[in-house]
Amino acid sequence: MKGLCVLLVLAGLTVVSCGGGGGGGTELEHGPTVAGFEFADRSDVAEGESIEVRFTCDGEEISPELAWAGVPEDTQELALALEDPDAPAATFTHWLVYGIDPTVTMLAGAEMLSQGENDFGDTGYGGPCPPHGEEHRYVFRLLALDGQVGLEPGADRAAFDEAVAPLVLAEARLTATYARP
């Protein structure tokens, strides 16, 4: 039941819960930037722009194609996280992908790659689905790693963060927005 938010007010305590998993947050710090390591204009999502409905819970909820350039020379693996830092309880994870070959410059359908569990409780992509009336930011974090994470498909966010944190050489970011129609 994506997009469902429950608001409870009990004895002055306000509790908000959205989606299935509630937003586990992230402990993964921002990685360093490296000149030229960035998302490319040919991606389906553009910096500062609104995400197309087809990539959200209001549309087909398919993962967008993402392209990048400038992968640092010593990269052994790439990993991707899609986060909503504006979620009510904590940063909400929409997508985790790992085991991406560093020679790859485009992610077009991640079905053949290892994907982790999102905060909806599903493995793979879970599209943007903020509460009605709110515009949220969605941050695509592409991580260049100097080792391999060795995670099995379906790893949760805590395992992902623990595996990638000591390996991050560089991070490319793309931030887009979405508000439900």
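How many bridges pair strand E5 with strand E9, and in which sense? In this predicted model, E5 (residues 77-84) and E9 (residues 135-145) are joined by seven bridges and pair in the antiparallel sense.

The protein has 181 residues, and 45% of them are buried. Its secondary structure consists of one helix and 10 strands. Along the sequence the pattern reads β-β-β-β-β-β-β-β-β-α-β. Among contacts with a separation of 6 or more, 72% are between residues 24 or more positions apart. The accessible surface is about 8,800 Å². Carbon and sulfur atoms contribute 49% of that surface.

Strands of a sheet pair through backbone hydrogen bonds, in either a parallel or an antiparallel arrangement. One open sheet here has five strands, in the order E8-E6-E5-E9-E10. The pairing in this sheet is antiparallel. Strand E8 (114-115) and strand E10 (168-179) are the edge strands, and each pairs on one side only. Strand E5 stands between E6 and E9 in the strand order. Seven bridges join E5 to E6, again in the antiparallel sense. Individual residues show how these strands are matched. Leu-80 stands opposite Val-97 in E6. In E9, Ala-144 is the bridge partner of Leu-78, and Val-139 stands opposite Glu-83.

Strand E5 is mostly covered, with eight of its eight residues buried. In a regular strand the side chains alternate between the two faces of the sheet. Both faces of E5 are covered. On one side, Glu-77, Ala-79, Ala-81 and Glu-83 are all buried. On the other, Leu-78, Leu-80, Leu-82 and Asp-84 are all buried as well.

Helix H1 (residues 157-164) lies across this sheet region. The strands it crosses are E5, strand E6 (92-100), E9 and E10. Relative to E5, helix H1 runs at about 135 degrees.

A second open sheet has three strands, in the order E3-E4-E7. Its pairing is also antiparallel. Strand E3 (38-39) and strand E7 (106-107) stand at the edges. Each has a single partner strand, so one side of each is left without a neighbour in the sheet. Strand E4 (residues 66-69) and E7 run antiparallel and are joined by two bridges. Within E7, Met-106 is the bridge partner of Ala-67.

Aromatic side chains were examined next. The count comes to three aromatic pairs. In one of them, the ring centres of Phe-92 and Phe-120 are 4.8 Å apart. Their planes stand at 65 degrees, over the cut-off of 60, so the pair is edge-to-face. This pair links distant parts of the chain, with the two positions 28 residues apart in sequence numbering. Phe-92 belongs to strand E6, whereas Phe-120 lies in the loop between E8 and E9. Phe-92 has a relative accessible area of 6% and is therefore buried, the limit being under 20%. Phe-120, at 11% relative accessibility, also counts as buried.

A further aromatic pair is formed by Tyr-98 and Phe-160. This pair is tilted, with 6.1 Å from centre to centre and 45 degrees between the planes. Tyr-98 is in strand E6 and Phe-160 is in helix H1, 62 residues apart. The pair thus connects distant parts of the chain. Tyr-98 counts as buried at 2% relative accessibility. Phe-160 counts as buried at 0%.

His-136 is placed in strand E9. This residue is buried, with a relative accessible area of 2%. The side chains of His-136 and Asp-84 are joined by a polar contact of 2.6 Å. Asp-84 is one of the buried residues of E5. Beyond neighbours within four places in sequence, the contacts of His-136 include Asp-86, Ala-87, Pro-88, Pro-130 and Pro-131. Ala-176, Thr-177 and Tyr-178 are also in contact with His-136.

Gly-150 lies in the loop between E9 and H1. At 68% relative accessibility, Gly-150 counts as exposed, because the threshold is over 50%. Gly-150 and Val-164 are 14 residues apart in sequence. Their C-alpha atoms are 9.7 Å apart in space.

How values were computed. Residues numbered from 1 in each chain as written. Predicted model: local features only at pLDDT ≥ 70, side-chain atom pairs only at ≥ 80, totals over all residues. Heavy atoms only, no water. Pairing = 2+ DSSP bridges. Helix = DSSP H or I, 4+ residues; strand = E, 2+ residues; numbered from the N terminus. Contact = heavy atoms within 4.5 Å. Axes fitted to C-alpha atoms, helices over the stretch in contact; angles between N-to-C directions. Phe/Tyr/Trp six-rings, centres within 6.5 Å; stacked < 30°, edge-to-face > 60°. Buried < 20%, exposed > 50% of the residue type's maximum accessible area, 1.4 Å probe, protein only. Polar contact = N/O pair within 3.5 Å; in protein donor to acceptor, adjacent residues only side chain to side chain. Areas by Shrake-Rupley, 256 points an atom, 1.4 Å probe, with all protein chains shown as cover.
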